[in-house]
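Work through the following exercises with the sequence and the 3D structure before you, and try each task before you read its solution.

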Amino acid sequence: MDMNPQQVADRARQLQDQVLPQLDEARQNLVDMNHRVVSFIRANPGTCLLGAVAVGFLVGRIASRR
């Protein structure tokens with residue numbers, strides 16, 4: 001299965017054409033999720049603070065076990 005440099009370059013372009021739209025969609029999904037999370041935190045700062053304290057406490061308890 002030897003490929004010449006041109007075939008390798010063509011295959012790389014094909015893969016790039018397939019992967020780039022998926023990467024762009026994933027990036028947009030992460031941006032949208034970030035906006036939703038930031039909006040939730042701004043609307044509910046107390047709830048988020050209590051949640052962070054609870055998670056920190058649980059992680060600390062788990063990490064302190066031997």
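**Exercise 1.** In this predicted model, find how far apart R13 and D10 are along helix α1, counted in helical turns.

*Solution.* R13 and D10 are three residues apart in helix α1, so about one helical turn separates them. Their side chains meet in a salt bridge, with 3.0 Å from N to O, and this fits the criterion, because a salt bridge needs a side-chain nitrogen of Lys or Arg within 4 Å of a carboxyl oxygen of Asp or Glu. As for cover, R13 has a relative accessible area of 46% and is therefore partly exposed, while D10, at 35%, also counts as partly exposed.

**Exercise 2.** State how many salt bridges a search of the whole structure finds, and describe the one between R27 and D24.

*Solution.* The search finds two salt bridges. In the one between R27 and D24, the side chains meet at 2.9 Å, N to O. These residues lie three apart in helix α1, which means that about one helical turn separates them, and D24 is partly exposed at 44% relative accessible area.

**Exercise 3.** Check whether the end-to-end distance of helix α2 agrees with its number of residues.

*Solution.* Helix α2 runs over residues 45–64 and has 20 residues, so at 1.5 Å a residue, taken times one less than the number of residues, it should span 28 Å. The C-alpha atoms at its ends are 28 Å apart, which agrees. Helix α2 is also hardly covered, since none of its 20 residues is buried, where buried means under 20% relative accessible area.

Definitions and conventions: Residues are numbered from 1 along each chain as its sequence is written. This is a predicted model: local features need pLDDT of at least 70, side-chain atom pairs count only at pLDDT 80 or more; totals for chains, interfaces and linings use all residues. Side-chain values use heavy atoms; hydrogens and water are left out. Helices (H or I, at least four residues) and strands (E, at least two) are DSSP runs, numbered from the N terminus. Buried means under 20% relative accessible area, exposed over 50%, partly exposed in between (1.4 Å probe, protein chains only).
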